[in-house]
Amino acid sequence: MGSISTTASVGSRINCLTRVFLSSSSSSKPKTFASMSSSYHKELAAAKKAASLAARLCQKVQKALVQSDVQSKSDKSPVTIADYGSQAVVSFVLEKELPSESFSLVAEEDSVDLRKEEGHEILQRITKLVNDTLVTDGTYSASPLSAEDVLAAIDSGKSEGGPHGRHWVLDPIDGTKGFLRGDQYAIALALLDEGKVVLGVLGCPNLPLAPIGSHDQHSSNDKVGCLFSAEVGAGTEMQSLDGSLPVKVHVSATENPEEASFFESFEAAHSLHDLSSTIAKKLGVKAPPVRIDSQAKYGALSRGDGAIYLRFPHKGYREKIWDHAAGAIVVTEAGGVVSDAAGNPLDFSKGRYLDLDTGIIVTNQKLMPLLLKAVRESLDEKA
Ligand SMILES: Nc1ncnc2c1ncn2[C@@H]1O[C@H](COP(=O)(O)O)[C@@H](OP(=O)(O)O)[C@H]1O
Ligand SMILES: [Mg+2]
Ligand SMILES: [Mg+2]
Ligand SMILES: [Mg+2]
């Protein structure tokens with residue numbers, strides 16, 4: 001099976017931004033959620049502001065990335081000055097915007113390597129980057145953050161989360177490998193309340209505003225940069241990162257697997273491509289997989305680009321909550337379903353890890369029973 005890998009330029013096919021919204025509002029799902037009252041309004045506004053500013057920082061770094069901006073973590077995965085800078089910005093903005101709330105943040109990065117002698121220079125660069133970014137907002141006019149302030153902001157992310165109280169969940173750059181390639185990545189921020197995801201924001205600086213993954217669209221519009229936001233009971237919205245009005249989005253309404261296309265990780269090390277391909281074939285999916293990095297997959301799915309996301313990590317890998325919390329609510333509030341391979345909803349209340357059966361599957365409500373059957377059969381055959 002072939003694959004399509006999207007880059008920042010792949011959006012250059014659809015002319016009119018409104019077509020995104022027109023094509024994605026064709027779902028038959030009743031829009032009852034639109035009238036429901038919201039209890040996380042303030043938090044959602046703060047999350048959108050934090051993710052937008054962090055996206056600005058990441059865009060600046062991605063444009064001028066050099067070798068010394070990238071380091072290797074103890075598990076050999078990459079981390080960049082933008083991962084650290086984004087985490088510091090989000091942490092700082094949330095605390096500033098919500099001063100009356102107790103602050104708990106479960107986030108991917110920590111400051112251990114930056115506190116070492118060898119980390120000194122990179123810390124100075126991150127500190128400058130964070131201050132330059134905060135200045136662009138205009139509302140944080142107090143004195144610039146010191147390197148120590150930046151370390152403290154990063155280390156606010158050490159919370160263990162869990163089933164009680166409120167916890168922010170942050171992936172400052174999801175898809176660091178995509179970020180390094182110049183491809184897709186996301187700033188993913190969610191809020192847990194008593195173990196449930198109640199809001200989520202995905203900043204996707206390289207995701208085209210026009211639909212991706214379809215083969216029959218022609219346009220010269222290559223505008224990129226999407227901000228998805230979702231609040232429990234209130235639906236999912238998308239706007240451009242540079243500030244268009246938000247518009248409601250909905251997952252694909254297709255009931256026919258032959259018409260459905262599916263997303264998976266670009267990185268084969270992150271998900272078993274062969275297994276996805278077996279499942280897709282069994283289901284009757286005709287189109288080749290769309291391989292993109294990060295939770296941009298959840299964002300694209302929430303507006304109806306493609307209908308299925310399959311993720312089957314290699315044996316022994318434990319999924320982290322920040323890799324899925326924001327994406328999951330963005331899709332479910334747009335009318336989709338997110339489950340593990342056994343059909344159970346993801347449980348974000350267990351701390352920093354997700355304990356789940358085999359993999360993560362995402363689609364609309366109509367296709368989920370068929371998809372689960374194909375997953376079960378394919379897993380049985382593989383065993
Ligand atoms: N062996 C593995 N299997 C599954 N996921 C992995 C993995 N190694 C890293 N990851 C996770 O995959 C995420 C990226 O997902 P995707 O493949 O959809 O782009 C990474 O997020 P980070 O880039 O934030 O570290 C990381 O948490
Ligand atoms: Mg990482
Ligand atoms: Mg991640
Ligand atoms: Mg990350």
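Which nitrogen or oxygen partner does a polar side-chain atom of Tyr317 find in ligand 1, and at what distance? In this predicted model, that Tyr317 atom lies 3.1 Å from a nitrogen atom of ligand 1, a polar contact being a pair of N or O atoms within 3.5 Å. The side chain of Lys297 has an N or O atom 2.6 Å from an oxygen atom of ligand 1, and a polar backbone atom of Gly175 is 2.8 Å from an oxygen atom of the ligand.

Turning to the surroundings, there are 16 residues around ligand 1, and Ser265, His270, Ser294, Lys297 and Asp323 come nearest, where near means having a heavy atom within 4 Å. This shell divides into 4 nonpolar, 5 polar and 7 charged residues, with Gly counted as polar and Asp, Glu, Lys and Arg as charged.

A word on conventions: residues are numbered from 1 along each chain, while chains are lettered from A and ligands numbered from 1 as written. Local features need pLDDT of at least 70 and side-chain atom pairs 80 or more, whereas totals for chains, interfaces and linings use all residues, and side-chain values use heavy atoms, without hydrogens and water.

How values were computed:
Polar contact = N/O pair within 3.5 Å; in protein donor to acceptor, adjacent residues only side chain to side chain.
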